Amino acid sequence: MHDIKESKKTLTAITKAKPMPATASKPPAPAADIFDSSLITDYAVDTLAMMKGFYKKLDNLRHNKGKVRIAYFGDSFIEADYITGELRTRLQHIYGGNGVGFVPVQSIVADSYQSIYFNNNTSWTDYNFRNNPQKLPLGLTGHVFYSNGNSWCEYGAAKNRLAGVYLYTGKTQDTNTLVTVDKDGIKNNININNDGYINQTVLNEGNAIKKLKLSCTNKNLPVYGVSIEDTTGVYIDNYAFRGNTGLLGLQVPADVIEGFKKYFIYDLVIVHYGLNAIVHNETNFDWFDRGIGKLIQKIKASYPGVPILLVSTSDIAYNEGGQYVTDPAVPILVQTQNETAKKNKVAFWNLYYSMGGANTIANWADGDTVLAYKDYMHVNERGADKIAGIFFNKLVQPQKN
């Protein structure tokens with residue numbers, strides 16, 4: 001499939017979506033009024049929060065050394081750094097940067113990461129959006145980890161060496177806040193900073209290394225993860241949580257967000273949900289509109305003046321008479337997401353239409369070049385790279401409003 005040609009119509013004009021041609025055996029999914037083509041449309045009215053400010057910061061990296069940081073919130077569609085990893089690689093190739101950004105202590109898809117070697121001994125207690133009986137302060141990933149007394153996690157460079165490695169922890173009353181850090185076979189004990197609600201401790205800076213192993217015995221120390229980055233370039237922090245409609249993000253405490261803001265200065269926040277909101281033949285997504293609206297307003301309050309980009313759901317198919325076709329609920333949700341962005345005055349990108357529109361995921365899963373899994377929902381690595389390429393073009397070739 002190919003990206004949709006960009007329209008010369010004004011960005012405020014809503015046009016009738018024209019689905020990509022389906023195969024002869026697959027009837028087209030129902031059409032719906034969907035916002036035009038593959039453009040990133042900016043509904044922001046605050047000039048500080050407009051996408052053009054982000055584009056300008058990207059362009060400035062060509063001429064000046066600096067840093068641009070992106071927070072990307074999503075569900076299983078971006079798990080294991082799929083899409084974000086390829087997007088990061090492409091951006092760093094042009095604008096510089098060395099590192100994956102924020103990585104949690106552990107992940108159920110750690111083995112699938114391509115951008116970094118990522119391992120742990122699973123001897124951590126993981127409190128998260130779905131398992132947090134003590135109401136502990138969860139991080140931006142929706143997790144916080146505690147050692148079981150002899151826990152470790154290890155990060156290794158997949159390509160380039162690790163530059164800066166920074167640890168992020170919460171507050172503890174314990175006086176013993178030592179961790180052991182093994183850098184390429186050389187071990188040292190490091191005292192954890194413990195002054196604030198969220199604390200940063202430098203584990204490596206200056207000399208690039210191949211591998212870093214962090215060991216923690218303190219059972220009362222909240223550990224969020226590490227950030228791997230250099231002093232300049234573009235970084236995308238992947239905040240994926242499987243099964244999230246987006247509403248779970250409302251559980252992240254304001255104190256945690258404020259704590260991380262001291263260290264992560266974001267130039268763009270991407271909000272990408274929808275897979276888990278789709279119910280077959282659903283026609284009303286008012287609940288999703290309200291929930292994502294609350295999430296957007298929370299992000300706005302937390303990051304005033306920072307552009308927010310709402311990305312629509314991708315295509316999802318269901319079995320209709322033995323053939324997989326786009327679920328009728330998909331274009332309806334996409335239209336809802338467009339209206340959500342418009343009402344909340346943030347930018348919007350119609351991923352569903354950009355990737356090909358109706359029946360794309362079925363064609364990707366069943367085509368000669370397989371780009372999606374047979375769940376007719378998730379893309380594989382090739383599909384993720386394709387979507388990242390489309391997204392990349394939108395970010396480096398911004399449209400004039």
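Axes here are lines fitted to C-alpha atoms, for helices over the stretch in contact, and angles run from 0 to 180 degrees between N-to-C directions. The views below all come from a predicted model.

**View 1. Helix 2 meets helix 8 in a right-handed crossing.** The axes of helix 2 (residues 84-95) and helix 8 (residues 381-396) come within 8 Å, crossing at roughly 40°. That angle makes helix 2 oblique to helix 8.

**View 2. Here are the side-by-side residues of helix 2 and helix 8 that make the contact.** Helix 2 brings E86, L87, R90, L91, I94 and Y95, while helix 8 answers with D385, A388, G389, F391, F392, L395 and V396. Sorted by character, this contact has 9 nonpolar residues, 1 polar and 3 charged.

**View 3. Six strands line up as an open sheet with mixed pairing.** Reading across, the order is 3-21-18-17-4-16. Strand 3 (40-42) and strand 16 (233-240) sit at the edges with a single partner strand each, so one side of each has no neighbour in the sheet. From one strand to the next, the twist averages 20°.

**View 4. Zooming in on the sheet, strand 17 pairs with strand 18 in the parallel sense.** Residues 268-272 and residues 308-311 are joined over 4 bridges. One pair to look for is V269 with its bridge partner I308 in strand 18.

**View 5. Helix 1 and helix 2 both lie across strands of the sheet.** Helix 1 (residues 51-61) lies across strands including strand 4 (67-74) and strand 21 (347-349), and runs at about 135° to strand 4. Helix 2 lies across strand 4 and strand 16, running at about 170° to strand 16.

Conventions:
Residues are numbered from 1 along each chain as its sequence is written. This is a predicted model: local features need pLDDT of at least 70, side-chain atom pairs count only at pLDDT 80 or more; totals for chains, interfaces and linings use all residues. Side-chain values use heavy atoms; hydrogens and water are left out. Helices (H or I, at least four residues) and strands (E, at least two) are DSSP runs, numbered from the N terminus. Angles under 35 degrees count as roughly parallel, over 145 as roughly antiparallel, 65 to 115 as roughly perpendicular and the rest as oblique. A crossing is left-handed if the near helix is turned anticlockwise from the far one by less than a right angle, and right-handed if clockwise. Contact means heavy atoms within 4.5 Å. Ala, Val, Leu, Ile, Met, Phe, Trp, Tyr, Cys and Pro count as nonpolar, Asp, Glu, Lys and Arg as charged, and the others, Gly among them, as polar. Two strands pair if DSSP finds at least two bridges between them.
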